[in-house]
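Student: I've got a structure here and would like to talk it through before I head back to the bench. Can we go over it together?

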Amino acid sequence: MPEPTDGLFAPETEVSAHPLNPRLPVAVLGATGIVGQRLVRMLSGHPSLRLAEVAASSRSAGRRYADVVPWSLTGRIPDGAAGLPVRAVGDPLRSRLVLSALPRAVATDLELDLARGGHVVCSNASAHRQRADVPLIVPEINAGDLARTRSQPWVAAGGALVTNPNCVVVGVALALAPIEGSFGIEEATVVTLQALTGAGLRGTAAVQMSGNVVPWISGEEEKIGPELNKILGTRIRVAASTNRVPVLDGHMAHVFLKLRTPAQPEEVERSLLDYRPCPPLPELPTLPERPIAVRSEPDRPQSRLDIGASRGMAVSVGRVRSAPPHDLALVTVVHNGVRGAAGACLANAELCVAHGLLERGESRAGG
């Protein structure tokens with residue numbers, strides 16, 4: 001059975017609030033949506049960050065979080081979040097560190113305004129992922145790209161904007177990074193089977209998905225190639241096909257590769273097993289020691305069985321094989337809500353703290 005993934009840390013009541021080691025206050029935008037709910041849950045008991053503010057649409061503003069959120073995760077709402085008053089998105093925030101689970105349309109202008117106002121914004125939205133001065137980060141692969149924030153126009157105010165990739169791209173990028181580093185990749189064909197929760201709380205209707213597969217997801221295919229290449233620092237030619245399937249959680253991708261240097265499947269498996277960030281990362285509580293779980297069984301990875309690898313923060317890779325006319329084929333599974341969204345955003349926030357982004361300049365945040 002998969003490991004539980006709803007909360008990565010001990011319950012909030014078990015965390016010591018020693019005055020010499022206070023936890024940094026964090027605001028979550030889009031806190032009532034499915035990614036926002038996961039951020040709220042994952043911040044509960046976090047060793048160095050604490051949920052201080054939640055923001056959602058103006059319909060929810062002024063009410064208790066527990067009274068407005070359509071809670072969709074297992075277990076109850078964390079005690080530290082339940083009584084928080086909901087701010088309207090766009091209201092001034094006291095917290096320097098902001099985690100954004102906003103939809104693209106809202107995030108486009110608001111995230112820039114927050115960065116200009118001195119906030120460090122870690123965004124799960126797609127709005128600014130391809131902006132040249134905004135890093136698109138998977139910490140185990142390209143933590144050094146955080147240096148792009150030094151050229152952002154709001155750096156003097158102490159602000160920064162950092163993004164994480166699309167929920168299926170995270171898993172594919174982690175699987176391809178060691179292969180690219182060891183053998184080089186010229187071309188990739190990616191066919192995804194994406195879970196229902198990737199569409200959000202108001203996503204694909206159950207009646208449409210029951211016993212069905214929908215061979216198109218709006219905007220998804222266009223993201224995969226550009227995001228993979230920005231993260232990996234490559235110019236891989238990528239063809240992608242995305243499909244919505246009647247699975248609750250867990251995005252699967254079948255990946256077919258043309259390599260620059262020939263490699264046997266066993267060599268590729270070894271590169272996956274041995275992969276570690278280089279240079280080593282600072283200690284980031286959300287990230288597992290091993291970001292890739294390699295499955296040797298012929299029928300793994302599977303969404304239901306493997307999304308819980310390392311509490312949902314590792315990508316599972318299997319069926320590594322020769323596949324003529326391609327050089328290599330493999331299958332990835334990633335927990336789209338955890339590693340693909342909320343956990344990716346939270347890990348980037350930890351990286352920003354570790355690299356001192358919140359120590360830049362003076363805060364001009366409102367509140």
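Tutor: Sure, we'll go through cores, open spaces, one helix and a few odd backbone spots, keeping in mind that this is a predicted model.

Student: Good. How many residues are in the largest nonpolar core, and which have the most contacts inside it?

Tutor: That core has 49 residues, and Y65 and L99 are the ones with the most contacts inside it. Helix 11, residues 338-354, gives the most to this core, with nine residues.

Student: And what is Y65 in contact with, leaving aside its neighbours within four places in sequence?

Tutor: Quite a list: A31, T32, Q37, V40, V54, W71, I77, A81, A82, L84 and V86. There is also a second, separate core of 35 residues, and it includes I231, L232, L257 and I292.

Student: I231 and L232, where do those sit?

Tutor: Both are among the buried residues of helix 8, which runs over residues 220-232. The others buried there are E220, I224, G225, E227, L228, N229 and K230.

Student: What do the buried residues of helix 8 pack against?

Tutor: They pack against helix 5, helix 6 (167-182), strand 7 (185-194) and strand 8 (237-244).

Student: How far does helix 8 reach from its first C-alpha to its last?

Tutor: It reaches 19 Å over 13 residues, close to the 18 Å expected at 1.5 Å a residue. Just after the helix, G233 takes a positive phi of about 70°.

Student: Changing topic: how much space lies in the largest pocket?

Tutor: About 1200 Å³. The pocket is lined by 43 residues, and V35, A101, P103, A199 and G200 are the closest to its centre.

Student: Which helix supplies the largest share of that lining?

Tutor: Helix 1 does, with four residues. Helix 1 (34-43), helix 4 (104-116), helix 8 and helix 11 each supply at least two residues of the lining. So helix 8 turns up again here, and helix 11 is the one that gives the most to the 49-residue core.

Student: How does the pocket lining divide by class?

Tutor: It has 17 nonpolar, 17 polar and nine charged residues.

Student: How many cavities of 30 Å³ or more are there?

Tutor: One, with a volume of about 30 Å³. Its lining is L29, A55, A88, V89, G90, D91, L93, L110 and L114. By class that comes to seven nonpolar, one polar and one charged.

Student: Now some single residues. R360: buried or exposed?

Tutor: R360 counts as buried, because its relative accessibility is 19% and the cut-off for buried is under 20%. R360 is in the segment after helix 11.

Student: What does R360 touch, not counting residues up to four places away in sequence?

Tutor: R96, T149, R150, V155 and G158. The C-alpha atoms of R360 and A160 are separated by 9.5 Å, though these residues are 200 residues apart along the chain.

Student: And G158, where does that lie?

Tutor: In the loop between helix 5 (139-142) and strand 6 (160-163). G158 is buried, with a relative accessible area of 0%. In space G158 is 7.1 Å from L358, C-alpha to C-alpha, while the two are 200 residues apart in sequence.

Student: How about G211, buried or exposed?

Tutor: G211 counts as exposed, at 81% relative accessibility. It is in the loop between helix 7 (206-209) and helix 8.

Student: Last topic: where are the odd backbone spots?

Tutor: A cis peptide bond joins R300 and P301, with omega about 10°. P301 is in the loop between strand 10 (292-294) and helix 10 (303-306). The bond from P324 to P325 is cis as well, with omega near 10°, and P325 is in the loop between strand 11 (315-323) and strand 12 (326-334).

Student: Which part of the chain holds R311, and what is its phi?

Tutor: R311 is in the loop between helix 10 and strand 11, and its phi is positive, about 60°, although it is not a glycine. R311 counts as partly exposed, at 31% relative accessibility.

Student: And R319?

Tutor: R319 is in strand 11, with a positive phi near 50°. At 37% relative accessibility, R319 counts as partly exposed.

Notes. Residues are numbered from 1 along each chain as its sequence is written. This is a predicted model: local features need pLDDT of at least 70, side-chain atom pairs count only at pLDDT 80 or more; totals for chains, interfaces and linings use all residues. Side-chain values use heavy atoms; hydrogens and water are left out. Buried means under 20% relative accessible area, exposed over 50%, partly exposed in between (1.4 Å probe, protein chains only). A nonpolar core is a set of buried Ala, Val, Leu, Ile, Met, Phe, Trp, Tyr and Cys residues joined through side-chain atoms within 4.5 Å. Contact means heavy atoms within 4.5 Å. The expected span of a helix is 1.5 Å times one less than its number of residues. On a 1 Å grid over the protein atoms alone, a cavity is a set of points where a 1.4 Å probe fits but cannot get out, and a pocket is an open set with protein on both sides within 12 Å along at least five of seven lines; lining residues have an atom within 4 Å of a point. Grid points are joined across faces, edges and corners, and a volume is the space filled by probe spheres set on the points. Ala, Val, Leu, Ile, Met, Phe, Trp, Tyr, Cys and Pro count as nonpolar, Asp, Glu, Lys and Arg as charged, and the others, Gly among them, as polar.
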